[in-house]
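Please look over the model below before reading the points. They concern helix packing and burial.

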Amino acid sequence: MSVDSPRRIVLLRHAKAEWSQESDHERPLAERGRRDAPAAGRWLAGAGITPDLTLCSTALRTRETWKLSVHELPQRPKTVYEDRLYEASLGELIAVVNEVPDEVNDLLLVGHNPGMHALADALSGEAEGELLTRMNRSGFPTASIAVVTFNGSWKSVEHGVGRLDAYWTPRS
């Protein structure tokens with residue numbers, strides 16, 4: 001695949017988690033999260049999104065979100081559980097994306113806010129219609145998905161490089 005080929009980065013915020021006595025890293029999904037995660041997977045499948053690679057935070061709520069979402073896809077992508085996605089800053093998220101091999105065309109990240117929202121906003125130099133306004137107004141709630149397309153290598157991902165082509169929330 002050419003590094004000039006169109007690429008897609010899909011950002012999925014984990015579904016609604018319980019507030020528990022466990023450490024933040026080990027918080028499980030709430031009942032609403034267990035309903036919303038498969039809905040996110042159905043939206044991905046309906047949008048024709050089948051990632052080549054999924055990078056998922058190691059937090060329990062992100063792993064559970066991905067487990068429930070991926071069952072809705074026509075094929076299971078390679079999945080890597082990535083410690084650096086937990087509590088990642090915008091700069092750390094961009095650094096992780098910059099390491100993705102160029103053989104990957106569609107990348108899905110399963111992570112946390114404020115990082116997922118910040119990354120979607122930072123990468124989106126332009127947007128389809130009112131998507132960017134709607135995404136920023138919503139605050140990127142749990143189980144939200146943003147789809148950003150760009151041309152070039154993963155190493156070239158930086159602020160404003162992409163176009164926000166889709167934004168979905170379970171309540172939209």
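The numbered points below take up three helices in turn.

1. The model is a predicted one, and the points that follow should be read on that basis.

2. Helix H3 spans residues 90–98, and its buried residues are Leu93, Ile94, Val96 and Val97. These four lie on the same side of H3, because the arc they cover around the axis is only 160°. As general background, an α-helix has 3.6 residues a turn, so residues three or four places apart point the same way.

3. What lies over that buried set? The cover on the buried residues of H3 includes three strands, S1 (6–13), S2 (53–57) and S4 (106–111), together with helix H4.

4. H4 itself is largely enclosed by the rest of the structure, since seven of its nine residues are buried. The buried ones are Gly115, Met116, His117, Leu119, Ala120, Ala122 and Leu123.

5. How do H4 and H5 cross? The axes of H4 (residues 115–123) and H5 (residues 131–138) come within 11 Å, at a crossing angle of roughly 155°. H4 is therefore roughly antiparallel to H5, the cut-off for that term being an angle over 145 degrees. The crossing is left-handed.

6. At the contact between these helices, H4 contributes His117, Ala120 and Asp121, while H5 contributes Leu132, Met135 and Asn136. By type, the contact residues comprise three nonpolar, two polar and one charged. Two of the H4 residues named here, His117 and Ala120, are also among the buried residues of H4.

Key:
Residues numbered from 1 in each chain as written. Predicted model: local features only at pLDDT ≥ 70, side-chain atom pairs only at ≥ 80, totals over all residues. Heavy atoms only, no water. Axes fitted to C-alpha atoms, helices over the stretch in contact; angles between N-to-C directions. Parallel < 35°, antiparallel > 145°, perpendicular 65-115°, else oblique. Left-handed = near helix turned anticlockwise from the far one by under 90°. Contact = heavy atoms within 4.5 Å. Nonpolar A, V, L, I, M, F, W, Y, C, P; charged D, E, K, R; others polar. Buried < 20%, exposed > 50% of the residue type's maximum accessible area, 1.4 Å probe, protein only. Arc of directions from axis to C-beta.
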